[in-house]
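Work through these exercises with the model open beside you. Try each task before you read its solution.

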Amino acid sequence: MAEKGRSRRTALKLLAVVTGFFCFPTVSQAKTLATSPLRDNLLRPPGAVMEHHYPGKCIRCGRCVEVCPYHCVELLDIRHGLSAGTPIIDIEKSPCFLCMKCVHVCPTGALLPIEQHETRMGLAVIDHHTCVSWKPDSLLMCKTCYNVCPFRDTAIRMEEFRPHVDERYCTGCGICTNACLINRDQGGKAINVKPIYATIKLPEAPQ
Amino acid sequence: MIRWKWSNKRFLVLTGAFSLLLVAPLLNFYYDINFIQGWYQSIGIGDFWIVSPLEGLESLLVTRDPFGPLLTALIFPVLLALVLGRVFCSWICPITFLSELSERLKQLLSKRTTTPDRWVLFRQILWFALGLELFLSLVLGAPIFVFLSPPGLVGRELMSFVFFRTLPLEGLIIIFVLILNLLSKRFYCRYLCPLGAFLALLGARRRVRVKNIMQNCKGCRTCDHSCPMGLSPSVGEGMTVYCWNCGTCIDNCSYGQLEFNLKKVEPYSSMPIQK
């Protein structure tokens, strides 16, 4: 009986260690627990509130994931700390086509109902060093991003055979990034979407 | 006519509630039928939205920004808890379904019908779990139970499996909760679940309670041994906040002395105690 009790105790201890190992990240990762998971080409769905409110507002019900007809909204897991379970769009995998279905199912107002043209998921930025139309020595003209942009001629314009992004109209949907022909082997996409709320700092109080 | 026991009715409801978690993502993923979305953190059936009370409360407390649809979606579950008590836990929750399923499988495999509770703690721990959970979310500035709640995790695991063919790491919590059942029946639900505590608190003055009629009670305590929450309905603990109205004790009483009471009753302390 004592033998059995001891083995059970060992098993329980082992179980505790294993769960602890999986549930709690290592010390070096601890800093990232509270930081935003957003970075280039990794964005919140349309209509998202400010990023520092987002983990508090979202109740991780996954309804935005389920209604997305393109299956582009994904869920983060526990390795992202406090942002675990929040939705994210990896536009290199699948961009947002602005169908505006997710904003109408969010029960907590983490995604607020907005119009297509009001969406500001991020801002597309063209890398002038990798874009074949922008390279100084390039004789090629590519206008894939211009062709696929849902707000063609307002958000992306062609001027002097080169694409220009207008930050007043860019919704950050990422269709241009997804379509860009430059791939990772050539130094990453030539047009990337920077999340608007990930790097912005709150205005400091005047001295 | 076959008389349906409460536990069989309840298991049917639990199975339906669990299969909803599986059917809804399948419909959404393969057929783009978006009539039902979500799971028991927030579920939308057409235009009828439900948000789990504790998750909604956490979100409201942390952001202090009331949002109309959230408040409307809280009405139904809160009313349910006010009238019927903690019935979400016993009749709908997928964790209860999994626990009950494993219990039924165990009964099929082994001859022992009941297992004794190995760890019996103070029931009041439940309130500390709720308090600690709310305190931690307010300190961290982000709700915790929304991504760690076992009932919600079951839905998220199933949805993730259908949509992305992966199982998120948090699913280990479900396994852990089910392993805790070995210590005593529904260990997590009894002592640790903040959602259960919040629903129990809402249902403290509920109308539907398990009452011992006391006319023909033999004092055999069969009901006490059957209770999954470790209560003693024979001495009226079915009237306390901790009872979740599952009806197991009613099924197990051979003398028909227990029933769901719908009328307003006087506190149990004024009732005669069985000799």
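**Exercise 1. Strand pairing in chain A**

Task: In which sense do β1(A) and strand β3 of chain A pair, and over how many bridges?

Solution.
- Step 1. Find β3 at residues 87–90 of chain A. Keep in mind that this is a predicted model.
- Step 2. Compare the directions: β1(A) and β3(A) pair in the antiparallel sense.
- Step 3. Count the bridges between β1(A) and β3(A): there are 2.
- Step 4. Pick one bridge. A:Leu43 has A:Ile89 in β3(A) as its partner.
- Step 5. Place the pair in its sheet. The sheet is open, has 3 strands and runs in the order β1-β3-β2 of chain A, with antiparallel pairing. Its edge strands are β1 (42–43) and β2 (73–75) of chain A, each of which pairs on one side only.

**Exercise 2. A hairpin in chain B**

Task: How many residues lie between β1(B) and β2(B) in their hairpin?

Solution.
- Step 1. Locate the strands of chain B: β1 spans residues 36–39 and β2 spans residues 42–45.
- Step 2. Check the pairing of β1(B) with β2(B). It is antiparallel, over 4 bridges.
- Step 3. Look at B:Gln37. Its bridge partner in β2(B) is B:Gly44.
- Step 4. Now the link: 2 residues separate β1(B) and β2(B) in the hairpin.

**Exercise 3. Where chain A meets chain B**

Task: What area do chain A and chain B bury between them, and which residues of chain A supply the most of its part?

Solution.
- Step 1. Start with contacts. Chain A uses 37 residues to touch 40 residues of chain B.
- Step 2. Turn to area. The two chains bury about 3200 Å² between them, with 69% of it on carbon and sulfur atoms.
- Step 3. Name the contributors. A:Ile59, A:Arg63 and A:Glu66 give 22% of the area chain A buries against chain B, more than any other three residues.
- Step 4. Look for charge pairs. The count between chain A and chain B is 1 salt bridge.
- Step 5. Identify the partners: A:Lys57 and B:Asp65, with their closest N and O atoms 3.0 Å apart. This passes the cut-off, because a salt bridge needs the nitrogen and oxygen within 4 Å.
- Step 6. Add the polar contacts. There are 9 residue pairs across the interface of chain A and chain B, both residues at pLDDT 80 or more.
- Step 7. Ask which element gives the largest share of chain A's side. That is α4(A), with 4 residues.
- Step 8. Sort that side of chain A by class: 19 nonpolar, 10 polar and 8 charged residues.

**Exercise 4. Two domains of chain B**

Task: Which residues form the salt bridge between domain 1 and domain 2 of chain B?

Solution.
- Step 1. Set the bounds. Domain 1 of chain B covers 6–110 + 121–206, and domain 2 covers 209–275.
- Step 2. Note the spacing: the C-alpha centres of these domains lie 26 Å apart.
- Step 3. List the contact residues. Domain 1 of chain B gives 22 and domain 2 gives 23.
- Step 4. Take the buried area. It is about 1900 Å² between the domains of chain B, and carbon and sulfur atoms give 50%.
- Step 5. Find the leading trio. B:Trp6, B:Arg123 and B:Arg206 supply 40% of what domain 1 buries against domain 2, more than any other three residues.
- Step 6. Follow B:Arg123. It forms a salt bridge with B:Glu237, the closest N and O atoms being 3.5 Å apart. The rule finds 1 salt bridge across this domain interface.

Methods
Residues are numbered from 1 along each chain as its sequence is written. Chains are lettered from A and ligands numbered from 1 in the order in which they are written. This is a predicted model: local features need pLDDT of at least 70, side-chain atom pairs count only at pLDDT 80 or more; totals for chains, interfaces and linings use all residues. Side-chain values use heavy atoms; hydrogens and water are left out. Two strands pair if DSSP finds at least two bridges between them. Contact means heavy atoms within 4.5 Å. Buried area is the accessible area (1.4 Å probe) that two parts lose on being put together, summed over both. A salt bridge is a side-chain nitrogen of Lys or Arg within 4 Å of a carboxyl oxygen of Asp or Glu. A polar contact is a pair of N or O atoms within 3.5 Å; within protein, one must be able to donate a hydrogen and the other to accept it, and residues adjacent in sequence count only if both atoms are side-chain atoms. Ala, Val, Leu, Ile, Met, Phe, Trp, Tyr, Cys and Pro count as nonpolar, Asp, Glu, Lys and Arg as charged, and the others, Gly among them, as polar. Domain bounds come from an automatic or database domain assignment.
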